Amino acid sequence: MSIITVKNLKKSFGNLEVLKNINAEIKEREVVCVIGPSGSGKSTFLRCLNRLEEITDGHVIIDGQDITDPKVKINEVRQEVGMVFQQFNLFPHKTVMENITLAPMKVRSSSKDEAGTKALELLDKVGLREKAESYPEQLSGGQKQRVAIARALAMEPKIMLFDEPTSALDPEMVGDVLEVMKQLAKEGMTMVVVTHEMGFAREVGDRVLFMDGGYIMEENVPSELFNNPTHERTKAFLSKVL
Amino acid sequence: MRVDIISAAFPYLMKGLQVTLYIFIIAIIIGFIIGLVVALLRLAPIKPLNWIALIFINAIRGTPFLVQLFFIYFGLNSLPFISFNSTTAGIITVAINAGAYFAEIIRAGIQSIDRGQSEAARSLGLTGFQNMYHIVLPQAFRRMLPTITNQSIISLKDTSLLSVIGIADLTQQGEIQSSATFEAFKIWLIVGIIYFIVIYLLTLIANFLERRFVLR
Ligand SMILES: Nc1ncnc2c1ncn2[C@@H]1O[C@H](COP(=O)(O)OP(=O)(O)O)[C@@H](O)[C@H]1O
Ligand SMILES: [Mg+2]
């Protein structure tokens with residue numbers, strides 16, 4: 001059974017229809033990479049999966065709950081869906097430790113000790129335990145993004161969404177972040193990753209979606225999509241990025 | 001001899017200062033709460049609430065302080081079932097007046113915080129209220145502190161207008177002492193210095209808070 005089901009999803013900003021008719025199924029433990037030209041609607045698609053964008057039409061079912069139903073408790077669904085942003089969006093007035101423990105304490109009512117122990121474990125995992133008491137401004141971009149991943153993981157989500165997590169990073173920082181994501185994939189996390197890192201998509205992705213003009217134009221396992229794209233648009237895009 | 005007259009007047013001026021500070025502190029706290037509530041109404045995703053907030057802000061910004069004071073003290077007081085003394089009227093007026101300006105300051109502060117902050121908070125499952133309380137407002141306040149200090153200083157100076165409805169504040173005591181002693185120059189100089197010192201202290205406190213918090 002799919003943990004994410006998207007049916008006839010449409011999204012408009014005013015008169016601009018950005019997602020035209022999206023259908024997708026994502027299974028538990030699957031890693032799905034979303035690629036496509038800038039402005040094709042990748043971020044909007046991802047942001048519809050935790051309803052950061054209001055959904056214009058269609059259905060998005062997350063772990064059995066249709067989040068387009070106005071009665072759904074969206075804050076509870078979001079606890080199961082972690083999100084990592086291109087610009088990190090760490091809370092600058094809080095230490096790394098506080099960034100990670102805030103949501104578990106306020107949303108899951110964890111005790112400070114419990115949340116702190118968990119946070120240190122996660123910081124170990126992303127290789128940043130010694131930064132626990134630092135503020136975000138004292139970290140490099142790559143470190144910030146690893147903290148952001150730890151922050152999302154602290155809620156023990158079932159699904160992780162990544163929106164171009166390495167696009168704002170200096171090239172030498174990209175590897176560290178991808179390494180953490182690879183590890184996560186290996187542990188069986190369900191992941192949807194919007195990315196320009198074709199190497200990552202090829203190596204880690206179970207499936208790749210190619211988006212263009214508000215549609216999913218083509219989807220396949222990475223080896224097929226990269227080596228034998230069927231759509232002209234896919235070929236044109238890949239010839240530019242590969 | 002002359003020095004005696006001045007030193008005899010001084011305790012009265014200090015009494016007046018007490019009244020000024022009393023009214024200022026209560027009014028500024030209430031004003032801040034009004035400002036916060038109005039700012040949130042202004043930004044609420046419900047149109048009629050936005051309008052109410054806008055009407056309030058514009059009504060206060062578009063009328064002189066003295067007219068507001070007279071409206072509340074003489075106008076409202078003339079209505080049936082409403083009756084308050086001059087001090088209460090003074091506190092209400094300063095609070096409402098400061099509230100309208102605070103509302104705009106706080107709204108601008110909230111809007112200056114990057115949307116990504118709220119998105120990160122909401123994506124973690126925080127409610128809209130938790131997001132405001134833990135993420136947006138703390139950052140906004142740090143940013144707003146200089147403007148808030150400024151408005152507080154203006155409000156402190158506005159309290160001197162309360163003397164016209166007979167509140168025995170520092171300015172009123174200055175008036176009384178200057179006519180009682182025939183030492184207008186010295187009395188008003190001293191009154192001015194007292195206001196200056198209070199405002200200077202206020203600025204020092206604000207600077208301290210800023211250094212303490214704004215860096216983060
Ligand atoms: N909040 C918004 N308001 C209006 N238009 C938007 C908004 N967000 C995105 N768009 C538009 O939607 C289209 C798709 O954007 P996006 O999903 O960010 O694309 P991608 O992530 O693939 O680059 C773009 O044309 C963009 O300008
Ligand atoms: Mg994007």
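## Ligand 1 and the open sheet of chain A

A polar side-chain atom of A:Ser43 is placed 2.7 Å from an oxygen atom of ligand 1, in what is a predicted model. Two further side chains of chain A, those of A:Lys42 and A:Thr44, also bring an N or O atom to an oxygen atom of the ligand, at 2.9 Å for A:Lys42 and at 2.5 Å for A:Thr44. These side-chain distances are set out below.

| Residue | Distance from its polar side-chain atom to an oxygen atom of ligand 1 |
|---|---|
| A:Lys42 | 2.9 Å |
| A:Ser43 | 2.7 Å |
| A:Thr44 | 2.5 Å |

Ligand 1 taken alone exposes 560 Å², and of this area the protein buries 61%. The residues around the ligand include A:Phe13, A:Val18 and A:Pro37, together with A:Ser38, A:Gly39, A:Ser40 and A:Gly41. Sorted by class, this shell holds three nonpolar residues, six polar ones and one charged residue. Helix α1 of chain A, which spans residues 42–48, gives the most to the shell, contributing three residues.

Turning to the strands, chain A has an open sheet of four strands, in the order β2-β1-β4-β5, whose pairing is antiparallel. Because β2 (16–27) and β5 (65–66) of chain A each have a single partner strand, they stand at the edges, and one side of each is left without a neighbour in the sheet. At the β5 edge, strand β4 of chain A (residues 57–62) is joined to β5(A) by two bridges, and the two strands run antiparallel. Within this pairing, A:Ile61 has A:Asp66 in β5(A) as its bridge partner.

Key:
Residues numbered from 1 in each chain as written. Chains lettered and ligands numbered in written order. Predicted model: local features only at pLDDT ≥ 70, side-chain atom pairs only at ≥ 80, totals over all residues. Heavy atoms only, no water. Pairing = 2+ DSSP bridges. Near = heavy atom within 4 Å. Polar contact = N/O pair within 3.5 Å; in protein donor to acceptor, adjacent residues only side chain to side chain. Areas by Shrake-Rupley, 256 points an atom, 1.4 Å probe, with all protein chains shown as cover. Nonpolar A, V, L, I, M, F, W, Y, C, P; charged D, E, K, R; others polar.
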